[in-house]
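Notebook open, going through the sheets today. I want to know how the strands are ordered and what packs against them.

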Amino acid sequence: MLRQSSTGIAEKTWCISEFSLVNTFLLEGKRLAAMIDTGCGLGNIRSIVSSLTSKPLIVLLTHSHPDHAGGLYEFSDCPVYMNHLDEGERIFGMEMDNAFRKMYIETRGPSRFPGHIEDLLSLIPDPEPENGFSYIDAADGIMIDLGDRVLECILTPGHTKGSLCFLDSKTRILFSGDTVNKSIILSRQPDNSPVLIERYCRTLQKIWDREASFDYLAIGHDGPVIGKEIIHDYIRLCCGLLDGSIKGGYEESGFRKGDVARLGKAELWYQCDQ
């Protein structure tokens, strides 16, 4: 049976890839361990975590989309931290259920984990888990102490209203979820309003203002680690879209359909339909 893979990216820090569909991260302190995101909920990610740490666990969600929170049912005994603005968040009508898991495998699997679609489908949990969960509100600026390792929660709206990044000053890594990836999706707005681009641009500048505190980004897809300079590419790209000096266009690429623009290492689907 397929198993998720784990890769050390820093001391006591691992990326657990859910079959190349999405990245989750495990960080161990002296007192606690933190799981950043939980994947879609395919297979038994908890067994991988247990093989890496025996510390009590907490879960930190970068956002509530089901490809990042769908594995929460495996951590029902753990405190979960999420920003309240992401409660009930949905994108393109996706729910945190087996119908989503099947859709995600069939649309993302061919490009991210080719040749294993049937194997992945067999990992969809049966019976279907409950998709509700309780959480502790992670406000902008709060500190989470794992014991000789403190994570700062940074509110970074754009991809979702309550998206969070987690700054680990000990390893100088910013765990950015879907706030900064190699390719970012912002859903299409009524009348193609630039409101989300404006919001996202403010978020990017907020992160860049802290760039002296970190060297790398641990990202939600692909990667798992990239240089922080991509943030500046996204800032320039957003500014160009807003002032009209950069023009994007409609494209269909794999599972993405919508308006997209690129600059340097940045790719922004800024009015995305799917």
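**Sheets and their helices**

I started with strand 1, which runs antiparallel to strand 2 (residues 13-17) and is joined to it by five bridges. Looking for a facing pair here, I found Gly8 opposite Trp14 in strand 2. Worth remembering while I browse: this is a predicted model.

Next I looked up the sheet these two belong to. It is open, has seven strands in the order 1-2-3-4-5-6-7, and its pairing is mixed. Which strands stand at the edges? They are strand 1 (5-10) and strand 7 (136-137); each has a single partner strand, so one side of each is left without a neighbour in the sheet.

Then I checked what packs on this sheet. I got helix 1 (residues 45-52), which touches strand 1, strand 2, strand 3 (23-28), strand 4 (33-36) and strand 5 (57-60). The direction of helix 1 makes about 160° with that of strand 2.

On to another sheet. This one is open too, with four strands in the order 12-17-16-15 and mixed pairing. At its edges I noted strand 12 (184-187) and strand 15 (249-253), each pairing on one side only. I also looked up the twist, which averages 40° from one strand to the next.

Strand 15 and strand 16 (residues 256-263) run antiparallel, and I see five bridges between them. Here Glu252 stands opposite Lys257 in strand 16.

Last entry: which helix packs on this sheet? I found helix 6 (residues 229-243), in touch with strand 12, strand 16 and strand 17 (266-272). Its direction makes about 40° with that of strand 17.

Conventions:
Residues numbered from 1 in each chain as written. Predicted model: local features only at pLDDT ≥ 70, side-chain atom pairs only at ≥ 80, totals over all residues. Heavy atoms only, no water. Pairing = 2+ DSSP bridges. Helix = DSSP H or I, 4+ residues; strand = E, 2+ residues; numbered from the N terminus. Axes fitted to C-alpha atoms, helices over the stretch in contact; angles between N-to-C directions. Contact = heavy atoms within 4.5 Å.
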